Amino acid sequence: MSTSSIILLILVVGLIALFVIPSLRQLLVSAPIMKMVGRILPTMGDTERIALEAGTVWWDGELFSGKPNWSKLLDFKIAPLSAEEQAFLDGPVDELCAMLDDWQIFQDRDLPPKVWDFIKKNGFFGMIIPKQYGGLGFSAHTHSAVITKLSSRSVTAAITVMVPNSLGPGELLLHYGTEKQKKHYLPRLATGKDVPCFALTEPGAGSDAANGSSVGIVCKGTWKGKKTTGMRLTFNKRYITLAPVASVVGLAFRLQDPDGLLGEQEEIGITCALIPRDTPGMEIGNRHDPMGVPFLNGPVRGKDIFVPLDYIIGGVDGAGMGWRMLMESLAAGRSISLPSQAVGAAQLAARSTSAYAMVREQFGMPIGKFEGVREPLARIAGHAYFMNAVRRLGFGAIDAGEKPSVVSAIAKAYLTEGSRLCINDAMDIHAGSAICRGRGNIFARPYSAIPIGITVEGANILTRSLIIFGQGVMRCHPFVLAEMEAVKKHDVQAFDTAFFGHVGHITKNAVRSFVLAISSGALANSPVSGFEARYYKDIGRYSAAFALLSDVALGTLGGALKRKEYLSGRLSDAFAWMFLATATLKHFHDSGRPQGERALLDWTCVYALKQVEGALQGVLANLPNRFAAGFAHILIFPLGIGRASVTDRQTDGVVDAITNHSDVRDALTSDIYIPGPGEPGLGALDHAYTCVLTAGSAHSKVDQARRAGQLDKATTSEMAYQALEKGIISSLEHGLIIEAEMLREDVIQVSDFDPDSYNKMR
């Protein structure tokens, strides 16, 4: 054997030994790499660590894997409403909706006293509170259904009901309160005897809520005539919903113990406490005016307010645990409240605009026949469809015990943005009737409220650019968090396992991305064989591409990726639109694959996957490391970029489905409140739409006769009379046309006001 052969054999044996013998590999390979990776990986502070640990990884983790396990999604069962919950929705909720006059609420700047009394009496503030404490003990499904229905009727009422059932004193007491605190407060909150608010936001800490300046100093003081150890609180909170009427304030502040009264730790950390409204020194009662929407919202202030330590949620043991409490509770609230409100607005837009498009006529035909109108109408319907699918998957996860922090961020940001799009498109189609305020105006008030949902519970700009991918890459990635933990603990063995698992993960996704790309997704797995199989396959392809590109971005940028918000925002878009598409596919599957909804599914998946492709392309075009970007481009898009947008035929399919098929329209908007026909706005419009469709056949006979020269051109009512006289239509058909025309004329009217009334309007 030659010398070169011997050297080659030694090298081969050495390499084999290096990777077969773990201890040798860890010493010679993993340890040096761990030091290098430690300088590359993003750092993680305590608040960020708590936020990551608070949530659970669920279906989002499958999308991050590069090879989603579809059975995990399709086999997941969303718990239905119980008989008691359905009765509440059909009874007190519908009754409350019937009581609400949103126009008058805006004029009076508050809900009327009878509505406040009804909400409290029927337990709306205690939906999430268990029955053992006097609450209704309802599921997240019911909570979401109530908010969705109320939102379609009155934004003010929906916000008033959703806040006590979301992140706040009730939620925090349930999970972290002492038994004494629970027994005292929960029954009072459930019945509305106590109205809660939660004071977190302040001038210097909005989205950056962990860095507030509100402080509590542990000290000695006098409480009810006795010397005791307590806290002296100073705070300046704003944007606090229900604060003007709250009887108990949940307060987040940074607790400090400079004199060591509780122990050796001086900076105890963020703490949550319950402060009664009548506590001396509390400044509360003023109102903000958020876009003119009259839900109760205002500041809460206090300076050097002394309270006992047992005001801390969880007692002294809860000191410093506030950030964990908030993060663990936030996922549930963000999955339910604002997404449900957004879906209510989207379904309202879909139902009213599909009706208006058929009732309103210009140039001798319904405006819904004009392609310029059909495009935004299809956009409204498509968004309403996938938004409801995401809402359902969100509350289903919460009811199953998940705390999907990344999924909840997607739901909050992308559904509130979807709501904005739907309302804006609806405003364009309703045109003059949408911009003239009055009792019958459907959209002026929801339009004013749009920025509120966009802004609160984490502004959408920062949620998209910082939270979704920033948390997702660490929480959902199968190896990154384990690598970070190993580096922090200097655990070479754990790092070795995570790192080489990560290398295998990258390799598999690189191969998978390339193979699925050159086959246009045909080789990807689909759990179904129907027409929608191609969408499952495409998502499988993009999941691999997204996983690979995430690793390329992280590997080339390391901790700097946190500051590359252009890139992280695009990665968030890719991740989010994959999730939205998969939620829609599940909804279609769970509904029994109804033929009437096929057009809606088609539109949604084509639209969503186009967004995914565009986002991935944007990342590749802007990665600073151009060599890595070029190589990744070859693996992800070897045949180029050319995914089709939504076609005109698909647009027509959606519009025809929601304007001509009442079953599809009813299914799409099944979660909102439909007023009676005598009520201005949606009630009257919906009734007119039904009558116009009923008269459609008779109207066609009149139109055909006019085209044939049998009738003189005149108004529809006059031509209907001519057709009746000539025996072209029956007296019954004539009656249908006349009724439809009267209703059509009525619903296109707008309000006007005499000068005195106008000057008194709000």
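Two residues are in contact here when heavy atoms of theirs lie within 4.5 Å. In this predicted model, Phe546 has, once its neighbours within four places in sequence are left aside, contacts with Leu63, Phe64, Phe469, Leu571, Ala574, Phe575, Met578 and Leu616. Phe546 is also one of the residues that touch the most other members of the largest nonpolar core, a set of 142 residues in which Ile410, Phe575, Phe579, Leu580, Leu616 and Leu623 are named alongside Phe546 for the same reason. The element that gives the most to this core is helix H14, spanning residues 371–399, with 15 residues. Apart from this core lies another, of 63 residues, which includes Phe124, Leu150, Val293 and Tyr673.

Two of the contacts of Phe546, namely Phe64 and Phe575, lead on to the aromatic pairs, of which the structure holds 22. Phe64 and Phe575 themselves form an edge-to-face pair, with 4.9 Å from centre to centre and 70° between the planes. This pair links distant parts of the chain, since Phe64 belongs to helix H4 (residues 59–65) and Phe575 to helix H22 (residues 565–590), 511 residues apart. Phe64 counts as buried because its relative accessible area is 0%, and Phe575, at 1% relative accessibility, is likewise buried.

A second ring pair is made by Trp103 and Phe753, whose centres are 6.0 Å apart and whose planes stand at 20°, so this pair is classed as stacked. Here too distant parts of the chain are linked, with Trp103 in helix H7 and Phe753 in the loop between H30 and helix H31 (755–760), 650 residues apart. The two partners fall into separate classes of accessibility: Trp103 is buried, with a relative accessible area of 8%, whereas Phe753 is partly exposed at 32%. Elsewhere, ring pairs link Phe386, Tyr414, Trp577, Trp603 and Tyr607 into a cluster.

Charged side chains provide a further set of links, and a search of the whole structure finds 29 salt bridges. In one of them the side chains of Asp101 and Arg439 meet at 2.3 Å, N to O. Asp101 lies in the loop between H6 and helix H7 (102–108), while Arg439 lies in the loop between helix H16 (432–435) and helix H17 (444–455), so that the bridge links parts of the chain 338 residues apart. Both ends are partly exposed, Asp101 at 30% relative accessibility and Arg439 with a relative accessible area of 37%.The side chains of Arg445 and Asp102 meet in another salt bridge, at 2.9 Å, N to O. Arg445 is in helix H17 and Asp102 in helix H7, and the pair links parts of the chain 343 residues apart. Both Arg445 and Asp102 are buried.

A further salt bridge brings together the side chains of Glu361 and Arg744, at 3.4 Å, N to O. Glu361 lies in strand E8 (residues 361–362) and Arg744 in helix H30 (residues 731–747), so this bridge ties together parts that are 383 residues apart in sequence. Glu361 is partly exposed, with a relative accessible area of 21%, whereas Arg744 counts as buried at 8%. Salt bridges that share partners also join Arg351, Arg665, Asp666 and Asp686 into one network.

Arg351, a member of that network, is in turn a contact of Thr669, which also touches Gln347 and Ala350 when its neighbours within four places in sequence are left aside. Thr669 sits in the loop between helix H26 (662–668) and helix H27 (682–694), and with a relative accessible area of 2% Thr669 is buried.

Val93 offers a buried position within a helix: this residue lies in helix H6, residues 83–99, and has a relative accessible area of 0%. Beyond its neighbours within four places in sequence, Val93 is in contact with Phe88, Phe124, Val146 and Lys149, and Phe124 is among the members of the 63-residue core. Val93 and Ala83, 10 residues apart in sequence, are separated by 14 Å in space, C-alpha to C-alpha.

On the surface, Val511, Phe514, Val515, Ile518, Leu523, Ile634 and Leu639 form a nonpolar patch that has about 650 Å² of accessible area together. Helix H20 (residues 492–518) gives the most to the patch, with four residues. Ile518, one of the patch residues, lies in helix H20 and is partly exposed, with a relative accessible area of 43%.

Note on methods:
Residues numbered from 1 in each chain as written. Predicted model: local features only at pLDDT ≥ 70, side-chain atom pairs only at ≥ 80, totals over all residues. Heavy atoms only, no water. Helix = DSSP H or I, 4+ residues; strand = E, 2+ residues; numbered from the N terminus. Buried < 20%, exposed > 50% of the residue type's maximum accessible area, 1.4 Å probe, protein only. Patch = residues over 30% accessible without salt bridge, like charges linked within 9 Å, V, L, I, M, F, W, Y side chains within 5 Å. Areas by Shrake-Rupley, 256 points an atom, 1.4 Å probe, with all protein chains shown as cover. Salt bridge = Lys/Arg side-chain N within 4 Å of Asp/Glu carboxyl O. Core = buried A, V, L, I, M, F, W, Y, C linked by side-chain atoms within 4.5 Å. Phe/Tyr/Trp six-rings, centres within 6.5 Å; stacked < 30°, edge-to-face > 60°.
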